[in-house]
Amino acid sequence: MKKIATREGYGKALAKLGAEYENMVVLDADLSKSTRSYEFCKHYPERFFNMGIAEQNLMGVAAGLAATGKIVFASTFAIFATGRAFEQIRNSIAYPRLNVKIAASHAGLTVGADGASHQALVDMSIMRSLPNMTVIAPADVVEAEKAVSAVAEYEGPVYLRLGRAAVPVIYDENHKFQIGKASQLREGHEATIIACGIMVPESLQAAAELAEEGIIVRVINMATLKPLDQEMVLRAAKETGAIVTAEEHSIIGGLGSAVAEVLVENYPVPMERVGVKDVFGESGEPEQLLKKYGLTVQEIKEAVYRVLPRK
Amino acid sequence: MSKGHAAPVLYAALAERGFFPREELLNIRKINCPLQGHPDMQKVPGVDMSTGSLGQGISTAVGMALAGKLDRKAYRVFALLGDGEIEEGQVWEAAMAAAHYQLDNLIAFIDYNGLQIDGPVTEVMSPEPIEDKFWAFGWHVERINGHSFREIATAVEVAKKVKDQPVIIIADTIKGKGISFMENQVGWHGNAPSREQAAKALAELA
Ligand SMILES: Cc1ncc(C[n+]2csc(CCOP(=O)(O)OP(=O)(O)O)c2C)c(N)n1
Ligand SMILES: [Mg+2]
């Protein structure tokens, strides 16, 4: 399977959208080659601003530009965007509901050798807790590119989660991405795996292997964590009776929590969460890290084995 | 080590000083090994603070220096910052606090190599005029050639004599100094050389 990083889709979309939207500006904090915001800088240098290593100012300046009517994309690594600049995002972007798209790359464990200090594992949790914030974690490069177009069109603050590592391409150009709409990738009736980001291809693989064992599970790509596609979650709960979530993120506050919140209040069914179990990561190759921290096809299968008898 | 990405050189110095075996150096950035991509005080003996997020180390250095004053201990705190790192607002908050509390037990270095990741600091986000800024923040400023051990030693001796003020030693350096194909090349910020490149580099340094 072809592998490309989701951040490549971001760069590609920016280069294209810059021509479409004359009021679009892009900001970065000394990581434009890594986040791929440099692709915008190459084509529209007068509308690109490097803020230096100053993420709090990055978000504040982004808010100011948005307040004058600009469509602003602000990029840095996920850890610094959501960590260092959290309160600037909260009070200067989310609260006044300004049109800033926080496009954060290098999210999750697959940052690799830079280690725990650079691995954002609670970024979705943090961003999801903010009123007015939309949170999107594309599954592959195709979806990432389409998501960038969709958020450019959407008016309001968005957190877009992108990755560093090359990951499988699962969609073709016909994929329709819509903010707030999940997509079902595989039909099944015994349980449903709801995943986002790089755990989507892993979930598809797990479902394929389970099918060989006679266990037929549904797979859903929940690319938008907020607003969550509640209808899709509840339909899965009613029709399959058990849910497993899978995310490259802490099990606290991310996709698993979002799904659980909907289930407990509406239609409780047995559920298992695959994710990082409330620990910091470490340096290593992405593949090794995913294995060590339990983000594998095998872990997803085991979560399904655990959830089935609980039905 | 406020500029935590310079972990390799810190590890090399610690190994040289016997904090852990030199063989361990070959395991840097590998899974299940203590030498993380950025220094981790829980994993590596001799590392006084976990860093990696730029701008934070200098604040923790201020805290350590403040504790030294509080406990009337004679130790000094040293911090190493990058010239790109000082674009972080937190650095200036720390600078203000250090001067406010008259932390003459704090000596900070800036590795002034003129480069950050996206290019020269003067093009990305200029920190100039750098000496004036630190003077204005109430620090004593020394400027040296960062490649001269003699100048480093002298500057530290001067710094030790300064009273009631923190000291910043701005060390002019060349990134990749002494290696023809690395000198002043932004692209070498975070890359490891290939085997051939490493051999060539070592030959040039010898
Ligand atoms: C808060 C934060 N933002 C961004 C980064 C990513 N980053 C790592 S090194 C670096 C450039 C550092 O430049 P400088 O301080 O000049 O270091 P040096 O030239 O000495 O390597 C950046 C932006 C980081 N580690 N921390
Ligand atoms: Mg520098």
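Which of the 22 residues around ligand 1 come nearest? I began the notebook with this point, working throughout on a predicted model, and I found that B:Leu54, B:Gly82, B:Gly84, B:Glu85 and B:Gln116 are the ones that come nearest.

**Entry: ligand 1.** I then looked up where the ligand sits with respect to the chains, and I noted that ligand 1 lies between chains A and B. I sorted the shell around ligand 1 by class and obtained six nonpolar, nine polar and seven charged residues.

**Entry: the contact between the chains.** I turned next to the place where the two chains meet, and I recorded 26 residues of chain A in contact with 20 residues of chain B. On the chain A side, I listed helix H2 (32-35), helix H4 (55-67), helix H5 (78-84) and helix H12 (286-292) as elements that each supply at least two residues. I marked H12(A) among these helices, since with three residues H12(A) gives the most to the side of chain A that touches chain B. By class, I wrote down eight nonpolar, 11 polar and seven charged residues for that side of chain A.

**Entry: chain A as a whole.** I counted the secondary structure of chain A as 13 helices and 14 strands. I compared the radius of gyration of chain A, 19 Å, with the 19 Å that the globule rule gives for 311 residues, and the two are close, so chain A is as compact as a globular protein of that length. Along the principal axes, I noted that the C-alpha atoms of chain A fill a box of roughly 60 × 40 × 35 Å. I also noted that buried residues make up 62% of the 311 residues in chain A, and that, among contacts in chain A with a separation of 6 or more, 80% come from residues 24 or more positions apart.

**Entry: domains.** For chain A, I took from the domain assignment a domain 1 covering 3-168 and a domain 2 covering 183-310. I found the C-alpha centres of these two domains of chain A 25 Å apart, with 27 residues of domain 1 in contact with 29 residues of domain 2. On the domain 1 side of this contact in chain A, I listed helix H7 (123-128), strand S6 (134-136), helix H8 (141-153) and strand S8 (167-168) as the elements that give two or more residues. By class, I wrote that this side of domain 1 of chain A has 16 nonpolar, eight polar and three charged residues. For chain B, the domain assignment gives domain 1 (1-52) and domain 2 (61-173), and I recorded 22 Å between the C-alpha centres of those two domains of chain B.

**Entry: helix H10 of chain A.** I looked at helix H10 (residues 230-240) of chain A residue by residue, and I found A:Val233, A:Ala236, A:Ala237 and A:Thr240 buried. These residues cover an arc of only 105 degrees around the axis, which puts them on the same side of H10(A). I reminded myself that an α-helix has 3.6 residues a turn, so residues three or four places apart point the same way. I traced the packing partners of the buried residues of H10(A) to strand S10 (191-195), strand S11 (217-221), strand S13 (243-250) and helix H11 (255-266) of chain A. On the face of H10(A) turned away from its buried side, I found the exposed residues A:Glu231, A:Lys238 and A:Glu239. Just after H10(A), I noted a positive phi of about 75 degrees at A:Gly241.

**Entry: backbone geometry.** I kept in mind that most residues other than glycine have a negative phi, and most peptide bonds are trans. Against that, I recorded a cis peptide bond joining A:Lys226 and A:Pro227, with omega about 0 degrees, and I placed A:Pro227 in the loop between strand S12 (224-226) and H10 of chain A. I found the peptide bond from B:Glu128 to B:Pro129 to be cis as well, with omega near -5 degrees, and I placed B:Pro129 in the loop between helix H4 (121-124) and helix H5 (130-136) of chain B.

Is A:His106 buried or exposed? I looked this up after seeing that phi of A:His106 is near 60 degrees, a positive value in a residue other than glycine, and I found A:His106 buried, with 27 other C-beta atoms within 10 Å. A:His106 lies in the loop between S5 and H7 of chain A. I made a parallel note on A:Arg97, where phi is near 50 degrees; A:Arg97 lies in the loop between helix H6 (86-94) and strand S5 (100-105) of chain A, and I found A:Arg97 partly exposed, with 14 other C-beta atoms within 10 Å.

How values were computed. Residues numbered from 1 in each chain as written. Chains lettered and ligands numbered in written order. Predicted model: local features only at pLDDT ≥ 70, side-chain atom pairs only at ≥ 80, totals over all residues. Buried ≥ 20, exposed ≤ 12 C-beta atoms within 10 Å, placed from the backbone. Helix = DSSP H or I, 4+ residues; strand = E, 2+ residues; numbered from the N terminus. Arc of directions from axis to C-beta. Contact = placed C-beta atoms within 7 Å. Near = placed C-beta within 6 Å. Nonpolar A, V, L, I, M, F, W, Y, C, P; charged D, E, K, R; others polar. Domains from an automatic or database assignment. Rg over C-alpha atoms; globule rule 2.2 N^0.38 Å.
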